[in-house]
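Subject: Structure handover

Hello,

Here is the structure I said I would pass on. My notes on what was found follow below it.

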Amino acid sequence: MLRRVAAVVLVGLLAVLAGPAPSACACSCAPLTEQEHLERAAFVFDGDVRSIATLEPEARGDFPLSVRLVVRTVHKGDLVGAGGHILVGNSGNEASCGYTFEPGKRYRVYVTQQGPRYVTSLCAGNQELGPATTGDPAWLEEPASPAVGTLPRDDRTSAITLTLLVAGAAGVVAVVIGGLRRRRSARAGGG
């Protein structure tokens with residue numbers, strides 16, 4: 001009986017840690033005007049893609065890529081001024097509505113805020129504008145402080161903590177169910 005409870009707890013923990021399977025669906029965007037994209041976005045700017053990085057697994061969420069852009073012209077919002085850096089989350093896969101950015105190119109980027117991150121997608125209205133300006137100090141220097149959009153360390157660790165709490169709760173539920181079944185079978189055998 002103890003082996004069965006242990007097996008249930010192990011299966012529960014593995015299911016929680018594995019998480020839900022990613023959905024396999026193609027991206028479908030509603031046709032919007034440039035004005036509608038502008039109204040929906042929290043921050044709109046022209047920026048040069050400096051780099052693209054894959055986030056650590058516990059920090060990914062729906063946006064596993066972090067695109068570092070040097071802001072050149074701001075059209076809406078005041079998150080970053082011209083010459084500043086911003087990190088924008090992106091799914092990186094067009095099937096899941098990720099926009100394909102390329103380092104060394106300039107884009108008009110429409111971002112929204114999702115929790116502590118700023119994100120964009122294929123449906124946001126982004127546009128490629130041409131080559132990046134790569135010879136100026138804003139491009140060449142690393143910002144002294146973290147770029148806007150950096151995922152705070154506390155949020156990364158809270159994702160791990162949440163996963164462990166859920167796994168622990170699943171284990172407790174499995175033990176309780178095993179105990180109830182044992183009681184039921186003891187009553188059936190005794191009566």
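From the N terminus on, the order of elements is α-α-β-β-β-β-β-β-α-α, that is, four helices and six strands. Helices (H or I, at least four residues) and strands (E, at least two) are DSSP runs, numbered from the N terminus.

This is a predicted model, in which local features need pLDDT of at least 70 and side-chain atom pairs count only at pLDDT 80 or more, while totals for chains, interfaces and linings use all residues. Residues are numbered from 1 along each chain as its sequence is written, and side-chain values use heavy atoms, with hydrogens and water left out.

The mean pLDDT (the predictor's confidence in each residue, from 0 to 100) is 78, and 68% of the residues reach 70 or more. Among the elements, strand 6 (residues 127–131) has the highest mean, 95, and helix 1 (residues 2–18) the lowest, 56. Over residues 20–24 the pLDDT is below 50, and this stretch has zero contacts (heavy atoms within 4.5 Å) beyond near neighbours in sequence. Where pLDDT is low, the predicted coordinates should not be read in detail.

Of the 191 residues, 32% count as buried, meaning under 20% relative accessible area (exposed is over 50%, partly exposed in between; 1.4 Å probe, protein chains only).

There are four aromatic pairs. In one of them, the ring centres of Tyr 99 and Tyr 107 lie 5.8 Å apart with the planes at 90°, so this pair is edge-to-face. Rings of Phe, Tyr and Trp (its six-membered ring) pair if their centres lie within 6.5 Å; planes under 30 degrees apart count as stacked, over 60 as edge-to-face and the rest as tilted. Both Tyr 99 and Tyr 107 are buried, and they form one aromatic cluster with Phe 101.

Regards
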